[in-house]
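Here's a quick briefing on a single chain, with the main points sorted by topic. Have a look at the model first, then read on.

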Amino acid sequence: MNDCPRCQAPLERLTMGEVTTISCTRCGFADVPVDHESQGGEGESWQDAFNRFYNHYSGH
Ligand SMILES: [Zn+2]
């Protein structure tokens with residue numbers, strides 16, 4: 001997972017604030033890893049959204 005998809009060299013992880021990028025120092029490949037679980041607390045959950053939707057249409 002942490003190997004470069006181009007040249008299989010170990011990727012270097014760079015963190016800039018809240019953004020983490022991975023880059024390969026050998027070939028220059030760079031990417032942003034998709035990791036939704038690590039973001040946490042990104043607004044309302046599915047359950048909250050559903051409840052809001054449900055209450056909106058059943059409240060009147
Ligand atoms: Zn590479």
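Let's start with Q8, which sits in the segment before β1; strands here are DSSP E runs of at least two residues, helices are H or I runs of at least four, and both are numbered from the N terminus. Keep in mind that this is a predicted model, where local features need pLDDT of at least 70, side-chain atom pairs count only at pLDDT 80 or more, and totals for chains, interfaces and linings use all residues. Residue numbers start from 1 along each chain as its sequence is written.

**Q8**
- Q8 isn't a glycine, yet it has a positive phi of about 65°.
- It's an exposed residue, because Q8 has 11 C-beta neighbours inside 10 Å. The cut-offs: buried takes 20 or more other C-beta atoms within 10 Å of the residue's own, exposed takes 12 or fewer, partly exposed is in between, and C-beta atoms are placed from the backbone.

**Overall layout**
- The chain has one helix and three strands, and they run in the pattern β-β-β-α along the sequence.
- Just 3% of the 60 residues in the chain are buried.
- Take the contacts in the chain with a separation of 6 or more: 5% of them are between residues 24 or more positions apart. A contact means that two C-beta atoms, placed from the backbone, lie within 7 Å.

**The sheet**
- Three strands make an open sheet in the order β1-β2-β3, with antiparallel pairing; two strands count as paired if DSSP finds at least two bridges between them.
- The edges are β1 (12–16) and β3 (30–31), each pairing on one side only.
- Strands of a sheet pair through backbone hydrogen bonds, either parallel or antiparallel.
- Five antiparallel bridges link β1 to β2 (residues 19–23).
- Across that pairing, E12 faces S23 in β2, while M16 is opposite V19 in β2.
- β1 and β2 make a hairpin with two residues between them, and G17 in the turn has a positive phi of about 70°.
- There's hardly any cover on β1: zero of its five residues are buried.

**The helix**
- Helix α1 covers residues 46–58, and its 13 residues should span 18 Å at 1.5 Å a residue. The expected span is 1.5 Å times one less than the number of residues.
- The end C-alpha atoms of α1 are 18 Å apart, so the model agrees with that expectation.
- Zero of the 13 residues of α1 are buried, so the helix lies largely in the open.
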